[in-house]
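Trainee: I would like to go through the labels used for this structure and ask what stands behind each of them.

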There are 2 protein chains.
Amino acid sequence: MKSIQASSYPIHFQELGYKSLETILAQNTYSSLFILVDENTMEYCYPKFMANLHTDLPIEVIEIEAGEIHKNLETCMGVWSALTELNADRHSVLITLGGGVITDLGGFVAATYKRGIDFINVPTTLLSMVDASVGGKTGVDLGVLKNQIGLFANPQMVLVDPEYLETVTAREIRSGTAEIIKYGITYDQNLYQQIKKNNKLNITKLIHKSIEIKNEVVLQDPKEKHLRKILNFGHTIGHAVESYFLESQEKENLTHGEAIAIGMVCETYISSVLFDFPKSELQEFKEMILSIYGKIPIDTREYSAIMDLLKHDKKNNGGQVNFVLLNDIEKYEIDCKVPEDLIIASLNYYRS
Amino acid sequence: MKSIQASSYPIHFQELGYKSLETILAQNTYSSLFILVDENTMEYCYPKFMANLHTDLPIEVIEIEAGEIHKNLETCMGVWSALTELNADRHSVLITLGGGVITDLGGFVAATYKRGIDFINVPTTLLSMVDASVGGKTGVDLGVLKNQIGLFANPQMVLVDPEYLETVTAREIRSGTAEIIKYGITYDQNLYQQIKKNNKLNITKLIHKSIEIKNEVVLQDPKEKHLRKILNFGHTIGHAVESYFLESQEKENLTHGEAIAIGMVCETYISSVLFDFPKSELQEFKEMILSIYGKIPIDTREYSAIMDLLKHDKKNNGGQVNFVLLNDIEKYEIDCKVPEDLIIASLNYYRS
């Protein structure tokens, strides 16, 4: 697969990725190398990664607990303390080996340790390959509020090796698929139609195409002032639903993609009411989403908690919730205000 | 006083400062204004500040506990949570009103809240006027390790009003004076001689000169790759001594300046051994420091704990402690290695 050049760093694939990593580690005058993993990537990805890593640097591994629930400041403090105890200095480099929690949290920890050390992302889940490891967003959750604390910081490189996907569950693959669907519906008609027609697509090509799209969007608008907002499609309602399930004692957590899939159905419905998104396409879109993710049970009594979480969305401005909506596939409208009863109606549409 | 232009933001003084603040708040489309204070600046500085603040923005005040011991991630979490509860959004702006703890911590909190909101520094102590509020360093301590977590982030402007110094103690003024002495000995012979000869200097002029020097240094080397390292003179041993007093149960904490004054005496001594720093000047320098700060009691039994803390200094590289030393006043050498027994000898020299 051809490498992709992001703003200040390259995204390399497979064998070339490992070769480039070797070069970067050899060319920089790093003092030591740290690898951030969770218990899953330690068991399933670390052996393969180490077999492909060639460096003379001293290596230390830092392991955190897996799961979105650990993507918080307490975990950061554990990693900062571990780096300190293991004598990481300003010339150390951190490799993040894992899913979105590892790449988001690891990037944040690296960018703020002694005012910033280099880091390299090696995403091991579909979601982190197509989304989390590209675009410079790093951060952690504050309570149930997703990515409330963080900053923009770029890695030195990203290494994408789809072979790591053999280590993850089918549910995780579906989670990442939601972001690929988002790239299609907001930005690439062809990609969208491919996914709609056929579920047996070449995953490596899908990943490459997704990263190309995300990179194209981010290069044009790194700080999310205009175009990059399209990447939030489905995420306004989706994040609120995700946070709601995360904070609920009774409900099993949703994956990010499951929540975003619900958000995309709701926001496509709102698009069909406020803009011209075709009703027939809306219906087919909902059917496709339900065929992949099933229908997640949400009760009307849960709406008010979800609405409360919406009010804390990072994209809000002066108390107003900001949406990205669609006139059609590929035709987006940013900074849309949506009345509360229409948000409720969109949740009803999802449930209907 | 004439305004000073830093890399991306202005430093305004006195009346012009308040006028410029009014303009900045009016010209940007901020949604709301937050003011970070501690209990001291709330009581002594906030009334004067509010009397001079003219804005139509909704204002909320967030108060934290005063003191270096609260410059940590727990306090950050309190401020991030308060911002969240008070519905701060990406278009909110944070004004830090206080000493180095408030400006360093406030800048870090702002730069990482929802991936970064604008902030404006209003330093109220001599130390924060001449050092902490200029140069883009933000951060908090991790345990006793000073500024271990942080990042480079610039404010929108800095407002310096020396009238706030009427609210602080003589001990705090002495603390800030140490940084002014540092600017003199490392970078400005004239300034150094003025301080040596006369303690009755115009404080506003001293502040202005100090900020000019710091700004000149930072503009040439924002990320501390070479020249900016001179600002660490006295800070290698000084930070270790400061951390040691901070973590000790028995000892009263030192101010930053008191610790840095000890560090400067030690590092000038080392300079006279390893380089050509004149012995007579060394002796006069030590006398001046002792006349301002007295002699802080340090016992030989405490050396090993101080040496341990030195090993965690942010400036270290591959386990080596990095010093800035002097051939003479204004004549610096960066990235110097110093044998451990010479560091011990320098502490003995301070105590002798």
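Mentor: Start with polar contacts across the interface of chain B and chain A: in this predicted model, the rule finds 8 residue pairs, both residues at pLDDT 80 or more.

Trainee: Which elements of chain B give two or more residues to the side that touches chain A?

Mentor: Helix 4 (73-85), helix 5 (100-112), strand 7 (137-142) and strand 8 (145-152) of chain B do. Strand 8 of chain B has the largest share, 7 residues. By residue type, that side of chain B divides into 11 nonpolar, 16 polar and 9 charged.

Trainee: How many residues of the two chains are in contact, and what is the area buried between them?

Mentor: In chain B, 36 residues are in contact with 36 residues of chain A. The area buried between the chains is about 3000 Å², and carbon and sulfur atoms give 57% of that area. B:K114, B:R115 and B:K314 supply 24% of what chain B buries against chain A, more than any other three residues.

Trainee: What makes B:E224 and A:R90 a salt bridge?

Mentor: The rule asks for a side-chain nitrogen of Lys or Arg within 4 Å of a carboxyl oxygen of Asp or Glu. For the side chains of B:E224 and A:R90 the N to O distance is 3.3 Å, so the pair passes under that rule. The count between chain B and chain A is 2 salt bridges, while a search of the whole structure finds 38 over all chains.

Trainee: Why is A:D89 said to have no salt bridge?

Mentor: The nearest side chain of opposite charge, A:K114, is 7.0 Å away. The cut-off is 4 Å, so A:D89 has no such partner. A:D89 is nevertheless buried, and is found in the loop between helix 4 (73-85) and strand 5 (92-98) of chain A. Its side chain reaches the backbone nitrogen of A:H91 at 2.7 Å.

Trainee: Why are A:K311 and A:D308 called partly exposed?

Mentor: Partly exposed covers values between the 20% and 50% limits. A:K311 is at 42% relative accessibility and A:D308 at 47%, so both get that label. Their side chains meet in a salt bridge at 4.0 Å, N to O.

Trainee: What does the salt bridge of B:D104 and B:K71 tie together?

Mentor: B:D104 lies in helix 5 of chain B and B:K71 in the loop between strand 4 (59-64) and helix 4, so the pair ties together parts that are 33 residues apart in sequence. The closest N and O atoms are 2.8 Å apart. Both B:D104 and B:K71 are buried.

Trainee: How do you know that B:E302 is buried?

Mentor: Buried means under 20% relative accessible area; B:E302 is at 12%, so B:E302 counts as buried. The side chains of B:E302 and B:K251 meet in a salt bridge at 2.7 Å, N to O. That pair links distant parts of the chain, 51 residues apart.

Trainee: Why is B:L290 partly exposed rather than buried?

Mentor: The limit for buried is under 20%, and B:L290 is at 22% relative accessibility, so B:L290 counts as partly exposed. B:L290 is placed in helix 12 of chain B. Leaving out residues up to four places away in sequence, B:L290 touches B:K295 and B:Y350.

Notes
Residues numbered from 1 in each chain as written. Chains lettered and ligands numbered in written order. Predicted model: local features only at pLDDT ≥ 70, side-chain atom pairs only at ≥ 80, totals over all residues. Heavy atoms only, no water. Contact = heavy atoms within 4.5 Å. Buried area = accessible area lost by both parts, 1.4 Å probe. Polar contact = N/O pair within 3.5 Å; in protein donor to acceptor, adjacent residues only side chain to side chain. Helix = DSSP H or I, 4+ residues; strand = E, 2+ residues; numbered from the N terminus. Nonpolar A, V, L, I, M, F, W, Y, C, P; charged D, E, K, R; others polar. Buried < 20%, exposed > 50% of the residue type's maximum accessible area, 1.4 Å probe, protein only. Lys, Arg positive; Asp, Glu negative; His and termini not counted.
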